[in-house]
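Below are some notes on aromatic pairs, cavities and a few individual positions, set out as numbered points. Please read them with the coordinates open.

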Amino acid sequence: MSGKPPYFSKLARYYLWYTGCFALFLVAVALLEQEGMPRLWIGHLFMFATIALYAIIGVICRTSSVTEYYVAGRRVPAMFNGMATAADWISAASFISLAGGLYLQGFDGLAFIMGWTGGFVLVALLIAPYLRKFAQYTVPDFLAARYGGGSGDKGGGRGAPVRALAVGATILVSFTYVVAQIYAVGLIASRFTGVDFSVGIFLGLASILVCSFLGGMRAITWTQVAQYIILLVAFLIPTMWLSAKHADNPIPAVAYGSLLPKLTAREAELARDPREEQVRAEFRRRADEYAARLDALPESWETGKLDAQRQLAAARARNASLTEVRQAERALATYPNSVDEARSQWSERRDANLARARPPEPHAEPFPGATKEESDGRRNNFLAVVFCLMFGTAALPHILMRAYTTPSVNDTRVSVFWTLFFILLVYLTIPALAVLAKYDIYTSLVGSDFSALPTWISYWANVDKANPLVSVADINGDGIVQLAEFAIDADVLVLATPEIGGLPYVIAGLVAAGGLAAALSTADGLLLAISNALSHDVYYKMVNPGASTQKRVTISKLLLLGVAFIAAYVASQKPADILSLVAAAFSLAGSTLFPVLVLGVFWKRANHQGAIAGMLVGFAVCLYYMLRASPALGGNLGDAWFGILPMAAGVFGVPAGMLTVVVVSLLTAPPGRGSEGMVDYIRAPE
């Protein structure tokens, strides 16, 4: 039955009915909104209806079969596997943050689209078909067999160290990535249900666990197909609306080209506006003030703390209003607790004010800079990010796992084609959405009265009061919104796009459901990759080779549950923005796993010692550079090599790992015949 037309036709019928029912659901909610249904109820309806849908699929697809749980029975048709892989791939970073990154960074943001898309070409050409021919369950399985003499190394043996390192890399990469997805779940849930951010994280976690816990890869696959349909519709509808609104053409790619010259002209107009310059001058003054405080440390910290204490005492002594007393209390409570904390906070605020003091950069200009050195630095970082994302994509364990789920090697190749097709339906729309939303804000919001601010600004400003996702303040006191007075977080733009464009709130709920689908689909795959690595590669292969199939699946489910709650706790601490977390995961994946995967397929001479050394060196170089250059990890951007940003640490880790595998393999004994025979087998034509 696997992969035959009747099975495909049955699946196609199911999902056509599903799509039709989803369309009817949208129409029904739109009619309810017209009848006066409150916005909060609409948000709840979208969130809980979609979560319930995924839970139902998870319950229906529950299984205790090892093959079904790990690789969906190896019977997923190529097109549906491509759709599921696209949903697995289009994470919160792609759906929520990428258009926001393009909005803020302009041309530089295209590095993410180019890198991620190019990475799938590498997956198709270099890795996926060969993993499918190997026909096991996990990436560590392949590496242990390839570098352990060509056997599965059941119970340990020569491949055990390679397996252990591959498991460690899988867990670290997937955990970093899944934290970003769960963070996005909390962001969406808190905005559209009104619950606290941390509570929202654990609400979303329930949906993740129902699918992955009960049915493993089988449940995840069919849930991801359903999630892809939702996220595609959710992304295209508001983008097509904005296209028709601003360019009289509903095709985003066409509207994008016609609107870009108008946006460039508006950017030039705002750069020359004297009121904008007045606001930017105020931000420069604030930046200079923080710079002066930094230069005067530690005395400035001591003086500032005394001033805050005196102001609070004075407010209480003169029986000031409750609001004034509370403000003085808040100023003292939020004052840095130490000189080091003051240095960190004031440096961050200085840099933030300097950024807002700069005029808007032309969105379409490649690598703008005040000097040639600055422009060259931006170009180098652009290329470095593309490099890291390409090689990181080709080594992500949760994506490579999907190569095992198709009926044949040829189906795997066709599946990657479908994956690229389904990804591009969204990715070709993302740059258009960034330009359309930017043009709308630059023409509709900028220049409007503060007394008539749209309601979406106050909504998003209150989601996270400690670190507002949207802020606007009348810096120069003229009552008119200037561009420099407005700030929006990259993680908010897509979720706020329906309200920015004036669409009905039902579309805002749809976009939230799409963002939730993107985050949940990727989180499901990542958590399964972690739990499978622990249960299959550690417990079964290295600890208890005699474990029954039932016990193996049970262990995997328990480990998945534990990892999910740990990841949710870490995400609730808001460790970094979504794109930064994701970029770190890609650099680590590329540096640690890509060299041994590719050389393991295409170079027979690569051996056990080379693989171990290459994984350790690639990981160490990547992590060292992140710690050295990332301020969030205690480093200093001034210590960056060649000015490369820490998110692109893989540009050093991948070559280091590749070179180490080659050198160590050549300096040590050749691999055994089993390893060479395995290479010949997986590379032989079907």
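1. Tyr624 is partly exposed, at 43% relative accessibility. The model is a predicted one, and the values in these notes are computed from it. Trp641 is also partly exposed, with a relative accessible area of 28%; both values fall in the range between the 20% limit for buried and the 50% limit for exposed.

2. Tyr624 and Trp641 form a tilted aromatic pair, with 5.9 Å centre to centre and 40° between the planes. Tyr624 belongs to helix 25 (residues 608–629), while Trp641 is in the loop between helix 25 and helix 26 (650–667), so the pair ties together parts that are 17 residues apart in sequence.

3. The structure holds 31 aromatic pairs. One of them joins Phe80 and Trp222 in an edge-to-face arrangement, at 6.4 Å centre to centre and with 70° between the planes. Because Phe80 lies in helix 4 (residues 78–89) and Trp222 in helix 9 (residues 197–247), this pair links parts that are 142 residues apart in sequence. Phe80 is buried, with a relative accessible area of 2%. Trp222 counts as buried too, at 10% relative accessibility.

4. Which residues make up the aromatic cluster that includes Trp89 and Phe586? Its members are Trp89, Phe112, Trp116, Phe120, Tyr177, Tyr427 and Phe586.

5. Two rings have a charged group over them. Arg146 lies over the face of Tyr147, at 4.8 Å from the ring centre. In the case of Tyr103, the charged end of Lys438 sits over the ring, 5.5 Å from its centre.

6. How many cavities of 30 Å³ or more are there? The count comes to five. The largest cavity has a volume of about 80 Å³. Its lining consists of 13 residues, of which Val123, Ala128, Ile399, Ala403 and Val416 are the closest to its centre.

7. The lining of the largest cavity divides into seven nonpolar residues, five polar and one charged. At least two lining residues come from each of helix 4, helix 6 (110–134), helix 16 (397–400) and helix 17 (409–427). Helix 17 gives the most, with four residues. Helix 4 is also the element in which Phe80 of the edge-to-face pair lies.

8. Leu26 is placed in helix 1 (residues 5–34) and is buried, with a relative accessible area of 16%; the limit for that class is 20%. Outside its neighbours within four places in sequence, Leu26 is in contact with Phe46, Val233, Val506 and Leu510. Of these, Val233 falls within the residue range of helix 9. Ala315 is 289 residues from Leu26 along the chain, and the C-alpha atoms of the two are separated by 54 Å.

9. Is Ala583 buried or exposed? Ala583 is buried, with a relative accessible area of 3%. Its place is in helix 23 (residues 578–592). Between Ala583 and Gly650 there are 9.4 Å in space, C-alpha to C-alpha, and the two are 67 residues apart in sequence. The number 650 is also where the range given for helix 26 begins.

How values were computed. Residues numbered from 1 in each chain as written. Predicted model: local features only at pLDDT ≥ 70, side-chain atom pairs only at ≥ 80, totals over all residues. Heavy atoms only, no water. Phe/Tyr/Trp six-rings, centres within 6.5 Å; stacked < 30°, edge-to-face > 60°. Buried < 20%, exposed > 50% of the residue type's maximum accessible area, 1.4 Å probe, protein only. Lys NZ or Arg CZ within 6 Å of the ring centre and 35° of its normal. 1 Å grid on protein atoms, 1.4 Å probe; cavity = no way out; pocket = protein on both sides within 12 Å on 5 of 7 lines; lining within 4 Å. Points joined across faces, edges and corners; volume = space filled by probe spheres on them. Nonpolar A, V, L, I, M, F, W, Y, C, P; charged D, E, K, R; others polar. Contact = heavy atoms within 4.5 Å.
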